[in-house]
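Work through the exercises below with the sequence and the model open. Each task is followed by a solution in steps.

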Amino acid sequence: MTRKPVLHNPNKELREKSREVEVEEILHSDFQLLIDDMMETMKAENGIGLAAPQIGIHKRLIIVEMPTGPKAYINPRIVKTSARLVESEEGCLSVPNVWGLVKRHKRVTVIANTRDGAEVKITASGLISVIFQHEIDHLDGILFIDKAYKLSKTAQTNNPI
Ligand code: CO
C-alpha cells in the first residue's frame, strides 16, 4: 500500500466530475490496489473520509470510516434523503485548516457497489450521513466550502473528510 499525495484547493482536478466504474474494473487488481492506497492515505492524513478525485483519480470511489473500519463504496448514489437538515462542522483534507458549518440531510440512503462488486444499500444518519454527502459531492466536483458558512481556521470538532 502506498500513501498518495492529497490535492489541495484550488486545483481544477478537484472540480472535475468523476466517472462510473464497471464491476469488471472494480474486481481488477489495479482498482483493488487503488482502494488500499486510498485507505492508507486516509489513515495517514487522519481523515474519516476520502474521495478518489482528492488524489487525482476521476472515478466514483469513496472511502468512509464506518464503525467497523474503513469501507470502500463505488458508484455511490443517494436514493433517499430525510427532509430534515442538520448543521455540522466540516473540514476537508483538500482544504487544509478551514472549518465551516454545512447543512446536510440528517439521514440518507445510499446504493453503492462494495469492493467485491456486490450492490449494497446503506441508511446512515449522524456523522456517517455527513461523510457520504461530503464525499459524493467530491465526485461531482463540489467542495464543502461551496456550501459552508461561518468559515473558521481554528474550530475543529470532527476529523477532516
Ligand atoms: Co473532503
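**Exercise 1.** In which sense do β2 and strand β3 (residues 69-81) pair, and over how many bridges?

*Solution.* The model is predicted, so local features need pLDDT of at least 70 and side-chain atom pairs count only at pLDDT 80 or more, while totals for chains, interfaces and linings use all residues. Residues are numbered from 1 along each chain as its sequence is written, and side-chain values use heavy atoms, with hydrogens and water left out.

Step 1. Strands (E, at least two residues) and helices (H or I, at least four) are DSSP runs, numbered from the N terminus. Two strands pair if DSSP finds at least two bridges between them.

Step 2. β2 and β3 pair in the antiparallel sense, over six bridges. Two residues separate them in a hairpin.

**Exercise 2.** Identify the bridge partner of Ala51 in β2, and the residue of β3 opposite that partner.

*Solution.* Step 1. Strand β1 (residues 49-51) pairs with β2 over three bridges, in the antiparallel sense.

Step 2. Ala51 has Ile62 of β2 as its bridge partner. In β3, Tyr73 stands opposite Ile62.

Step 3. Take burial as under 20% relative accessible area, exposure as over 50%, and partly exposed as in between (1.4 Å probe, protein chains only). Five of the six residues of β2 (residues 61-66) are buried.

**Exercise 3.** Which parts of the chain does the salt bridge between Glu25 and Lys59 tie together?

*Solution.* Step 1. A salt bridge is a side-chain nitrogen of Lys or Arg within 4 Å of a carboxyl oxygen of Asp or Glu. By this rule there are twelve salt bridges.

Step 2. The side chains of Glu25 and Lys59 meet at 2.7 Å, N to O. Because Glu25 lies in helix α1 and Lys59 in the loop between β1 and β2, the pair ties together parts 34 residues apart in sequence.

Step 3. Glu25 is partly exposed at 23% relative accessibility, and Lys59 is partly exposed at 22%.

**Exercise 4.** Is Asp137 buried or exposed, and which residues share its network of salt bridges?

*Solution.* Step 1. Asp137 has 11% relative accessibility and counts as buried. Lys147, at 38%, counts as partly exposed.

Step 2. The closest N and O atoms of the Asp137 and Lys147 salt bridge are 2.7 Å apart. Asp137 lies in helix α3 (residues 126-139) and Lys147 in the loop between α3 and β8 (149-152), so the pair ties together parts ten residues apart in sequence.

Step 3. The network of salt bridges links Glu90, Arg104, Asp137 and Lys147.
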